Amino acid sequence: MLTEEQLIHVRRHLHEIPELALHEYQTHDYLLEVIHEFNQANLEIRVPDDLPTAILVLVHGRQPARTIGYRTDIDALPVEEQTGLPFASRHPGVMHACGHDIHMTVALGVLSFFSTHQPKDNLLFFFQPAEESDYGGKRAYEAGIFTGKWHPDEFYGLHDNPDLPAGEIGCRMGTLFAGTTEVNIDINGKGGHAAYPQDANDTVVAAASLIMQVQTIISRSIDPIASGVITLGKIRGGTIRNVIAGHTRIEGTIRGLTQEMIEHIGHRLQAVCDGVATSFGLDVDLELNQGGYWPVENDPSLTKRFIDYMQQNPDVNFIETAPAMTGEDFGYLLAQFPGTMFWLGVDDDSQLHSATLTPKDDAIQKGVDAITGFLNYRMQEN
Ligand SMILES: CC(=O)N[C@@H](CCC[C@H](N)C(=O)O)C(=O)O
């Protein structure tokens with residue numbers, strides 16, 4: 001079983017080797033190296049052919065009544081780290097800026113505990129690639145990974161939260177995270193000389209108008225009591241100051257707490273794109289891709305049990321949290337298997353996806369203890 005000191009060492013090494021979605025090869029190899037050090041007596045390890053950076057580990061229970069799944073994501077973000085940590089990313093332009101290094105380490109801690117304390121039920125650990133993009137959870141499901149003995153009857157997973165004290169557990173009944181849809185807009189007009197706009201069709205000006213109109217969708221087209229967000233995080237158009245740009249691309253994301261809201265915003269966005277195409281006389285192609293980023297809906301009865309356990313445990317600080325507009329492709333898996341997603345506090349001033357995010361090591365052991373405690377409690381029930 002990994003000690004707290006060993007867990008911190010593992011976390012720091014994982015932090016040094018972040019990799020982007022579906023390219024988590026070094027991370028995958030290191031995870032396997034750590035898992036192979038555990039007592040193998042009750043473990044069965046599988047690397048699915050169709051998702052080669054994923055790892056499944058089945059812990060065979062003593063008297064299994066069910067298989068309980070536990071999922072961690074393993075990918076990182078294209079962010080240049082600015083923490084100055086001695087264990088900062090060694091991969092230029094890539095960083096664990098969403099704390100997946102903490103997620104993986106907590107999962108390894110829980111797995112190492114059950115490798116030496118055989119659980120009553122079966123436990124299925126899923127080390128999932130591609131959470132930040134490319135929806136690895138959905139890919140895994142569609143590849144048929146969770147069939148036969150690899151089928152979890154219920155699924156749990158966490159996300160770190162810098163706003164909560166280290167080790168605090170946060171959760172809620174109902175929707176924990178938003179559903180998200182990736183937005184790609186390609187504006188195709190006609191390039192030309194900066195001096196002769198009358199002979200061109202300027203996609204930069206069309207993009208500026210489109211962006212401003214998009215900002216009215218949330219304020220003017222949705223019920224103020226309901227919630228939604230559109231963020232256009234990236235724009236690229238043109239090549240030089242004195243050439244009118246014939247193509248501009250905008251990339252962003254739509255978020256809503258219900259599927260209906262996400263679809264409603266998507267329809268309004270399409271209407272704005274069509275309007276800009278007509279008024280500027282150019283082509284505006286809108287691509288919406290939800291992938292696996294469905295709203296994260298916690299199962300009512302399992303989540304009640306989870307919250308009851310955390311509230312009754314004197315060693316756990318528990319807080320009921322509000323829904324968040326962050327997305328998670330665990331939402332897709334929770335639509336296939338009942339389960340619960342929850343927060344683990346990591347106490348930091350920087351936000352998720354920030355270049356200075358520094359989750360505290362203290363959260364790791366507290367997270368491992370709270371989760372192993374809950375899983376043992378859950379396994380007492382028939
Ligand atoms: C927890 C978190 O930050 N998740 C990501 C999920 C990515 C969603 C997808 N790629 C999109 O941008 O729509 C998030 O950005 O919330």
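The dialogue below works through the main features of a predicted model, from its overall fold down to single residues.

User: Where should I begin with this model, and how many helices and strands are there in the protein?

Analyst: Since this is a predicted model, it is sensible to begin with the overall description and move to local detail afterwards. The protein holds nine helices and 16 strands, and its C-alpha trace spans about 75 × 45 × 40 Å along the principal axes. The radius of gyration is 23 Å, close to the 21 Å that the globule rule gives for 382 residues, so the protein is as compact as a globular protein of that length. Buried residues account for 45% of the 382 residues, and, of the contacts between residues at least 6 apart in sequence, 80% join residues at least 24 apart.

User: How is the protein divided into domains, and which residues belong to each?

Analyst: A domain need not be one continuous stretch of chain, as domain 1 shows here: domain 1 comprises 4-178 + 295-379, while domain 2 covers 179-289. Their C-alpha centres are 35 Å apart, and the contact between them takes seven residues from domain 1 and eight residues from domain 2. On the side of domain 1 that touches domain 2, four residues are nonpolar, three are polar and none is charged.

User: Where does the ligand lie with respect to domain 1 and domain 2?

Analyst: One way to place a ligand is to ask which parts of the chain supply the residues around it. Here both domain 1 (4-178 + 295-379) and domain 2 (179-289) give residues to the shell around the ligand, so the ligand lies between them.

User: Which residues around the ligand come nearest, and how does the shell divide into nonpolar, polar and charged?

Analyst: There are 13 residues around the ligand, and those that come nearest are Thr180, Glu182, Thr253, Thr326 and Gly327. By residue class, the shell contains three nonpolar, seven polar and three charged residues.

User: What is the general idea behind a nonpolar core, and which residues have the most contacts inside the largest one here?

Analyst: In soluble globular proteins, nonpolar side chains tend to be buried together. In this model the largest nonpolar core has 85 residues, and the most contacts inside it belong to Val106, Ala107, Val110, Phe125 and Phe127. Helix α3 (residues 100-116) supplies the largest share of this core, nine residues. Domain 1 (4-178 + 295-379) and domain 2 (179-289) both give residues to this core, so the core lies between them. Once residues up to four places away in sequence are set aside, Ala107 touches Tyr70, Thr72, Phe125 and Phe127. Another core, of seven residues, lies apart from it, with Val94, Met95, Ala97 and Leu357 among its members.

User: How should I read a positive phi in a residue other than glycine, and where is Ala130 placed?

Analyst: Such a value is worth reading together with the location and the burial of the residue. Phi of Ala130 is near 60°, a positive value in a residue other than glycine, and Ala130 sits in the loop between β4 (122-128) and α4 (136-142). Tyr135 lies in the loop between β4 and α4 as well, and its phi, near 35°, is also positive in a residue other than glycine.

User: Are Ala130 and Tyr135 buried or exposed?

Analyst: Ala130 has 26 C-beta neighbours inside 10 Å and therefore counts as buried, and Tyr135, with 25 such neighbours, counts as buried too.

User: Which strand holds Gly174, and why does Gly174 count as exposed?

Analyst: Gly174 is placed in strand β7 (residues 174-177), and it counts as exposed because it has 12 C-beta neighbours inside 10 Å, where the cut-off for exposed is 12 or fewer. Leaving aside neighbours within four places in sequence, Gly174 is in contact with Glu297 and Asn298. Its C-alpha atom is separated by 30 Å from that of Phe113, a residue 61 places away along the chain.

User: What do Lys234 and Glu263 count as, by their C-beta neighbours?

Analyst: Lys234, in strand β10 (residues 228-237), counts as exposed because it has 10 C-beta neighbours inside 10 Å. Glu263, in helix α6 (residues 259-280), has 16 such neighbours and so counts as partly exposed. Sequence separation and spatial separation should be read side by side: Glu263 and Leu288 are 25 residues apart in sequence and 9.9 Å apart in space, C-alpha to C-alpha, whereas the C-alpha atoms of Lys234 and Ile371, 137 residues apart along the chain, are separated by 38 Å.

Note on methods. Residues numbered from 1 in each chain as written. Predicted model: local features only at pLDDT ≥ 70, side-chain atom pairs only at ≥ 80, totals over all residues. Domains from an automatic or database assignment. Contact = placed C-beta atoms within 7 Å. Nonpolar A, V, L, I, M, F, W, Y, C, P; charged D, E, K, R; others polar. Near = placed C-beta within 6 Å. Core = buried A, V, L, I, M, F, W, Y, C linked by C-beta atoms within 7 Å. Buried ≥ 20, exposed ≤ 12 C-beta atoms within 10 Å, placed from the backbone. Helix = DSSP H or I, 4+ residues; strand = E, 2+ residues; numbered from the N terminus. Rg over C-alpha atoms; globule rule 2.2 N^0.38 Å.
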